[in-house]
Amino acid sequence: MISIFLYLYVMNKMLFFLVFFISFGTSYGQKIYLVDYASQADVKVFVADYESRADLVVYKVDYESRAGKNDGNWFFVDYASKSDKKIFFVDYAFQSDVIIFFTKYPHNAGWRSKEKIHLFY
């Protein structure tokens with residue numbers, strides 16, 4: 001009889017930790033909000049024409065749950081309050097904090113220059 005209660009207790013705790021870690025893992029991601037003015041932005045971004053010029057190669061994901069953890073997989077949100085970072089697209093590379101390149105393939109996403117990785121934490 002005690003073993004059944006012990007089993008249920010252990011399973012209950014395991015279920016709690018499993019749900020906690022899954023929900024924590026999916027809620028943390030690179031959610032991006034596009035602002036209207038540079039002064040509102042956390043990071044100013046320039047989009048390069050070539051991947052070789054980029055500090056970060058970005059893949060735009062379709063679902064929030066697929067957003068990465070500062071690995072270049074971005075999900076654009078509709079509200080600033082739901083974002084991890086607010087960005088503004090600038091016209092020239094010298095105005096930017098980071099240069100990105102949008103890729104069509106998710107396996108290409110990631111940092112090419114690690115010196116600016118701290119901007120998205």
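**Lys-31 contacts, nonpolar cores and aromatic pairs**

Not counting residues up to four places away in sequence, Lys-31 touches Glu-64, Phe-75, Val-77, Lys-82, Ser-83, Asp-84 and Lys-85 in this predicted model. Lys-31 lies in strand β1, which spans residues 31-34. Because its relative accessibility is 8%, Lys-31 counts as buried, the cut-off being under 20%. With Glu-64, the contact includes a polar one between the two side chains, at 3.5 Å.

The largest nonpolar core comprises 12 residues: Ile-32, Val-43, Val-45, Leu-56, Val-58, Trp-74, Ile-87, Val-98, Ile-100, Trp-111, Ile-117 and Phe-120. Two or more residues of this core are contributed by each of the strands β2 (43-47), β3 (56-60) and β6 (98-102). Within the core, Ile-100 is in contact with Val-45, Leu-56, Val-58 and Trp-74, among others; the remaining partners are Phe-46, Val-47, Ala-48, Ala-54 and Phe-89, with neighbours within four places in sequence left aside. A second core, separate from the largest one, has 7 residues, including Val-35, Ala-41, Phe-46 and Val-90. Phe-46 of this second core is thus also listed among the contacts of Ile-100.

Aromatic pairs number 5 in total. One of them joins Trp-111 and Phe-120 in a tilted arrangement, with 5.9 Å from centre to centre and 55° between the planes. Both Trp-111 and Phe-120 are buried, and both belong to the largest nonpolar core. Together with Trp-74 and Phe-76, these two residues form one aromatic cluster. Trp-74 is likewise a member of the largest core and is in contact with Ile-100.

Conventions:
Residues are numbered from 1 along each chain as its sequence is written. This is a predicted model: local features need pLDDT of at least 70, side-chain atom pairs count only at pLDDT 80 or more; totals for chains, interfaces and linings use all residues. Side-chain values use heavy atoms; hydrogens and water are left out. A nonpolar core is a set of buried Ala, Val, Leu, Ile, Met, Phe, Trp, Tyr and Cys residues joined through side-chain atoms within 4.5 Å. Buried means under 20% relative accessible area, exposed over 50%, partly exposed in between (1.4 Å probe, protein chains only). Helices (H or I, at least four residues) and strands (E, at least two) are DSSP runs, numbered from the N terminus. Contact means heavy atoms within 4.5 Å. A polar contact is a pair of N or O atoms within 3.5 Å; within protein, one must be able to donate a hydrogen and the other to accept it, and residues adjacent in sequence count only if both atoms are side-chain atoms. Rings of Phe, Tyr and Trp (its six-membered ring) pair if their centres lie within 6.5 Å; planes under 30 degrees apart count as stacked, over 60 as edge-to-face and the rest as tilted.
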